[in-house]
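Look at the sequence and the model below before reading on. The paragraphs after it go from one side chain outward to the rest of the chain.

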Amino acid sequence: MWFQLRNRRLCGVKFRRQHPIAGFVADFANVESRLVVEIDGGQHCPKRDDRRTAVIEAEGWRLIRFWNNEVLENMDGVLHAITKALSPPQGGEGLGEGGC
């Protein structure tokens, strides 16, 4: 996933890896749009993840999650979902409906 996000490869958008937010470390974050991308594997616990999500969202970030197998089996779909999430709702400035 980092290969796809690093060096502004996705729509020219800058992502940071292992970005600290509110005492947690986000897998990937785009500071400008305040979007966090988390990749979950078998070690994740929904109860802890729900708390983590709530704290990060309370700090004004949006968070989207994908399972490891989604990334491995459907990278194009994952990247499309991230591109769509980068677009602000209801016509604000951003990547727009079509993405990049």
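Which backbone atom lies 2.6 Å from a polar atom of the side chain of glutamate 38? The answer is the backbone nitrogen of aspartate 27. The model is a predicted one, and every distance in this text is computed from it. Glutamate 38 is found in strand E3. With a relative accessible area of 1%, glutamate 38 counts as buried, because the limit for buried is under 20%. Leaving aside its neighbours within four places in sequence, glutamate 38 is in contact with eight residues that can be listed: Val25, Ala26, Asp27, Arg52, Leu63, Ile64, Arg65 and Phe66.

One of these contacts involves charge. Side chains of opposite charge can pair when their charged atoms come close. Arginine 52 and glutamate 38 form a salt bridge through their side chains, with N and O 2.9 Å apart. The two partners sit in distant parts of the chain: arginine 52 belongs to helix H2 (residues 46–58) and glutamate 38 to strand E3 (residues 35–40), 14 residues apart. Arginine 52, like glutamate 38, is buried.

How many salt bridges does a search of the whole structure find? There are three. Besides the pair just described, aspartate 40 forms a salt bridge with arginine 65, and here the closest N and O atoms are 2.9 Å apart. Aspartate 40 lies in strand E3 and arginine 65 in strand E4 (residues 62–67), so this pair ties together parts that are 25 residues apart in sequence. Aspartate 40 is buried, at 3% relative accessibility, whereas arginine 65 is partly exposed, with a relative accessible area of 26%.

Arginine 65 also meets the side chain of aspartate 49 in a salt bridge, at 3.9 Å from N to O. Since aspartate 49 lies in helix H2 and arginine 65 in strand E4, this pair joins parts of the chain that are 16 residues apart in sequence. Aspartate 49 has a relative accessible area of 10% and is buried. Taken together, Asp40, Asp49 and Arg65 are linked in a network of salt bridges.

The next topic is the chain as a whole. The chain has four helices and four strands. Read from the N terminus, the elements run α-β-β-β-α-β-α-α. Of the 100 residues of the chain, 37% count as buried. Among contacts between residues at least 6 apart in sequence, 50% join residues at least 24 apart.

Helix H4 (residues 75–86) shows how buried and exposed residues can be arranged on one element. H4 has twelve residues and reaches 16 Å from its first C-alpha to its last, close to the 16 Å expected at 1.5 Å a residue. Which residues of H4 are buried? They are Val78, Leu79, Ile82, Thr83, Ala85 and Leu86. These residues lie on the same side of H4, because they cover an arc of only 160° around the axis. On the other side of H4, Asp76, His80 and Lys84 are exposed. The buried residues of H4 are covered by parts of the chain that include helix H1 (2–5), strand E2 (24–30), E3, E4 and helix H3 (68–73).

In soluble globular proteins, nonpolar side chains tend to be buried together. In this model, the largest nonpolar core has 17 residues, and those with the most contacts inside it are Met1, Leu5, Leu10, Phe15, Val37 and Ile82. E3 and H4 are the elements that give two or more residues to this core. The largest share, five residues, comes from H4. Valine 37 touches Phe15, Asp27, Phe28, Ile64, Phe66 and Ile82, not counting residues up to four places away in sequence. Apart from this core lies another, of eight residues, among them Ala29, Val36, Ile56 and Trp61.

Two loop residues remain. Arginine 8 has a positive phi of about 60° although it is not a glycine. Arginine 8 has its place in the loop between H1 and strand E1 (16–21), and is partly exposed, with a relative accessible area of 48%. Alanine 22, which is not a glycine either, has a positive phi of about 50°. Alanine 22 is found in the loop between E1 and E2 and counts as partly exposed, at 38% relative accessibility.

Terms used
Residues are numbered from 1 along each chain as its sequence is written. This is a predicted model: local features need pLDDT of at least 70, side-chain atom pairs count only at pLDDT 80 or more; totals for chains, interfaces and linings use all residues. Side-chain values use heavy atoms; hydrogens and water are left out. A salt bridge is a side-chain nitrogen of Lys or Arg within 4 Å of a carboxyl oxygen of Asp or Glu. Buried means under 20% relative accessible area, exposed over 50%, partly exposed in between (1.4 Å probe, protein chains only). A polar contact is a pair of N or O atoms within 3.5 Å; within protein, one must be able to donate a hydrogen and the other to accept it, and residues adjacent in sequence count only if both atoms are side-chain atoms. Contact means heavy atoms within 4.5 Å. The expected span of a helix is 1.5 Å times one less than its number of residues. The arc is that of the directions from the helix axis to the C-beta atoms. A nonpolar core is a set of buried Ala, Val, Leu, Ile, Met, Phe, Trp, Tyr and Cys residues joined through side-chain atoms within 4.5 Å.
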